[in-house]
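Good morning, and thank you for making time for this presentation. I would ask you to look at the sequence and the model together as I speak.

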Amino acid sequence: MRHLLILALLLTNLPSVAEEQELALIGEGNATYLLFRVYEARLHAPPDTPQERLLDTEVPKRLTLEYKVAISRKDIEKAAWHVLQRQHPEDVLETLRPAVDQLHQAMQSVEPGQRYTLDYRRDGQLTLYFNDAAVTQFEDPVLAQVYFGIWLAEPPLSDRLRAQLTGAR
């Protein structure tokens with residue numbers, strides 16, 4: 001009986017294991033503010049994904065931010081909204097506001113060495129992890145596209161960081 005339980009657990013994890021294997025490091029870089037390194041970012045996606053397709057809803061991806069300084073949840077939220085407001089018209093943001101607010105409410109302040117990971121799967125599942133523990137999950141490809149866009153869409157949080165993440169350097 002125990003062997004069946006272990007086999008069942010392994011089989012339920014197979015899609016995520018398979019998806020994990022198809023993601024490769026596309027690029028990495030540092031976000032800075034006033035000459036201070038705020039976090040190190042790494043973007044994973046399927047190998048050979050063209051830069052212009054990284055935000056497509058069919059493309060699985062993972063963005064990991066490892067913080068180098070302490071930042072409050074409120075400041076993380078404020079920075080995200082600042083970029084989103086530059087990127088999207090107000091009507092689009094109003095439609096997405098409940099989901100973005102829910103994502104932000106699942107966050108907490110960070111200390112040096114702590115990580116947030118945003119993981120998007122081909123099936124439309126978006127998961128936010130804090131230090132490898134899932135903290136919230138959505139079935140919302142549009143939210144994933146918009147939130148990853150903070151780093152990858154025009155105008156990004158940082159042109160330099162976007163170039164580093166997409167391998168454009």
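Let me begin with a question: which residue in β5 is the bridge partner of D119? The answer is T127. Please bear in mind throughout that this is a predicted model.

That pair belongs to a larger arrangement of strands. β4 (115–120) and β5 (125–130) run antiparallel and are joined by five bridges. Four residues lie between the strands of this hairpin, and among them G124 takes a positive phi near 95°. On its other side of the pairing, T127 stands opposite Q137 in β6. The strands β5 and β6 (residues 133–139) are also antiparallel, with six bridges between them. They form a hairpin with two residues between the strands, and N131 in that turn has a positive phi of about 50°. As for its surroundings, β5 has five of its six residues buried, so the rest of the structure largely encloses this strand.

D119 has a second partner, this time through its side chain. The side chain of R62 makes a polar contact with the side chain of D119, at 3.0 Å. R62 is located in strand β3, which covers residues 61–67. Is R62 buried or exposed? Its relative accessible area is 14%, and the cut-off for burial is under 20%, so R62 counts as buried.

I turn now to helix α2, residues 73–87. Its 15 residues should span 21 Å at 1.5 Å a residue, and the end C-alpha atoms are indeed 21 Å apart. The buried residues of this helix are I76, E77, A80, W81, V83, L84 and Q87. Viewed down the axis of α2, these buried residues fall within an arc of 165°, so they line one face of the helix. The general background is that an α-helix has 3.6 residues a turn, so residues three or four places apart point the same way. On the face of α2 turned away from the buried side we find the exposed residues K74 and K78. The elements covering the buried residues of α2 include β3, α3 (90–105), β4 and α4 (141–152).

One member of that buried set deserves a separate remark. E77, in helix α2, has a relative accessible area of 19%; the threshold is under 20%, so this residue is classed as buried. Leaving aside neighbours within four places in sequence, E77 is in contact with D101 and H104.

What, then, of the nonpolar interior? The largest nonpolar core has 42 residues, and those with the most contacts inside it are Y39, Y147, F148 and W151. At least two residues of this core come from each of β2 (36–45), β3, α2, α3, β4, β5, α4 and α5 (159–166). The largest share, eight residues, is supplied by α4. Y147 illustrates the packing: leaving aside neighbours within four places in sequence, its contacts are A80, L84, V100, L103, H104, M107 and L118. H104 is therefore a contact of Y147 as well as of E77.

Finally, the chain as a whole. The secondary structure comes to five helices and six strands, in the sequence order α-β-β-β-α-α-β-β-β-α-α. Of the 169 residues, 42% count as buried. Among contacts with a separation of 6 or more, 58% are between residues 24 or more positions apart. Thank you for your attention.

Note on methods. Residues are numbered from 1 along each chain as its sequence is written. This is a predicted model: local features need pLDDT of at least 70, side-chain atom pairs count only at pLDDT 80 or more; totals for chains, interfaces and linings use all residues. Side-chain values use heavy atoms; hydrogens and water are left out. Buried means under 20% relative accessible area, exposed over 50%, partly exposed in between (1.4 Å probe, protein chains only). A polar contact is a pair of N or O atoms within 3.5 Å; within protein, one must be able to donate a hydrogen and the other to accept it, and residues adjacent in sequence count only if both atoms are side-chain atoms. The expected span of a helix is 1.5 Å times one less than its number of residues. The arc is that of the directions from the helix axis to the C-beta atoms. Contact means heavy atoms within 4.5 Å. A nonpolar core is a set of buried Ala, Val, Leu, Ile, Met, Phe, Trp, Tyr and Cys residues joined through side-chain atoms within 4.5 Å. Two strands pair if DSSP finds at least two bridges between them.
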